Amino acid sequence: MTTSGTITADVAGTWTLGDLPVHRIGLGAMRLTGSAAFHLGTPSDRDRSIAVLRRAVELGVNHIDTAAFYFSALRSANELINTALAPYPDDLVLVTKVGPHRTYTGEWGTSARPDELRGHVEENLRQLGRDHLDVVNLRRMGQESIAEHFGALAELREAGLIRHLGVSNVEPRHLAEARAIAPVVCVQNRYALDAPRSPATDDLLRICGDLGIAFVPYYAVAGEGKEHGASDAHGEDVRAVARAHGVSPVQVRIAWTLHQGPHVLAIPGTGDPDHLADNVAAGALRLTDEERGRLDGTRHRIR
């Protein structure tokens with residue numbers, strides 16, 4: 001591999017969200033607001049977060065995942081994105097999500113009813129300074145059926161406020177339910193080397209590949225750290241592969257994620273410019289079949 005700073009996001013390849021081409025290495029905005037997500041850490045340095053966003057675009061990142069509820073005591077991910085990148089590059093795709101809700105004090109409120117989703121969409125539009133949202137994911141909050149919620153978003157898509165729709169935290173039956181209402185361009189589910197295995201999510205990974213739908217894992221790097229971010233608790237298999245390639249364990253985790261299929265997109269989050277460059281460089285890491293098998297074995301041992 002060449003120096004991390006010289007590797008750009010296009011090295012990971014491209015996928016199309018509906019009619020919007022994106023590089024398979026993107027950026028998750030959750031960690032731009034603080035040392036941990038939401039109210040769990042200390043707020044980030046504003047200038048540093050803005051520098052990360054601008055550097056990401058310089059490195060070819062054209063897919064940023066965000067949400068109006070990504071904010072800390074002093075920072076809002078959407079506001080940082082707007083400040084750093086508007087007027088937005090023509091090829092930049094901003095993906096938001098709706099469903100969860102946080103109050104102004106940072107506490108989690110009741111998840112949105114279908115008739116409240118327009119307000120969630122409009123809040124993202126306002127914060128980002130957009131007249132439409134490129135992609136909106138409906139985050140399922142435990143409900144058995146998503147038809148009513150997804151139908152409300154489909155109406156906003158018909159009205160021109162949303163270009164494409166996705167779903168998050170779902171099972172195959174929810175994807176089928178959504179697709180019967182409107183096209184789905186992506187699925188976001190938890191999926192990581194050290195995450196407990198979910199047969200439903202494994203099925204979704206395969207189904208999305210068959211249907212040409214992007215599969216976008218969250219917490220792929222943070223793993224069990226979840227909202228607190230990645231820790232140093234990487235397994236020996238990950239560390240061994242990292243040593244063999246002279247890269248970090250985090251880069252191995254990103255590369256393994258991308259190796260799950262050409263339709264799999266990675267959205268590692270960071271508020272550190274150096275980590276950003278390393279994350280993008282992970283798109284150039286090619287794992288051998290033996291290494292992939294070793295890492296897959298790690299995941300299969302987790303229950």
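Start with the sheet: seven strands, parallel in their pairing, make an open sheet ordered E3-E4-E5-E6-E7-E8-E9. Strands here are DSSP E runs of at least two residues, helices are H or I runs of at least four, and both are numbered from the N terminus. Two strands pair if DSSP finds at least two bridges between them. This is a predicted model, in which local features need pLDDT of at least 70 and side-chain atom pairs count only at pLDDT 80 or more, while totals for chains, interfaces and linings use all residues. Residues are numbered from 1 along each chain as its sequence is written, and side-chain values use heavy atoms, with hydrogens and water left out.

**Sheet edges**

Select 27-28 and 214-218. These are E3 and E9, the edge strands. Each has a single partner strand, so one side of each lacks a neighbour in the sheet. Now add 186-190, strand E8. E8 and E9 run parallel, joined by five bridges. Pick Cys186: its bridge partner in E9 is Ala214.

**Second largest pocket**

Next, show Ala68, Phe71, Arg102, Glu123 and Gln127. Of the 17 lining residues of the second largest pocket, these are the closest to its centre. The pocket holds about 380 Å³ of space. A pocket is an open set of points on a 1 Å grid over the protein atoms alone, with protein on both sides within 12 Å along at least five of seven lines; a cavity is a set where a 1.4 Å probe fits but cannot get out; lining residues have an atom within 4 Å of a point. Points are joined across faces, edges and corners, and volume is the space filled by probe spheres set on them.

Select 93-98 (E5) and 117-128 (H3): each gives at least two lining residues. H3 has the largest share, with six. By class, the lining has six nonpolar, seven polar and four charged residues. Nonpolar covers Ala, Val, Leu, Ile, Met, Phe, Trp, Tyr, Cys and Pro; charged covers Asp, Glu, Lys and Arg; the others, Gly among them, are polar.

**The cavity**

One cavity reaches 30 Å³ or more. Select Gly99, Ser111, Ala112, Leu138, Arg139, Met141, Gln143 and His149 to see the lining of the largest cavity. It splits into three nonpolar, four polar and one charged.

**Two backbone stops**

Go to Pro87, in the loop between H2 (77-85) and E5. The Ala86 to Pro87 peptide bond is cis, omega near -5 degrees.

Finish at Asn169, between E7 (162-168) and H5 (172-179). Its phi is positive, near 60 degrees. Most residues other than glycine have a negative phi.
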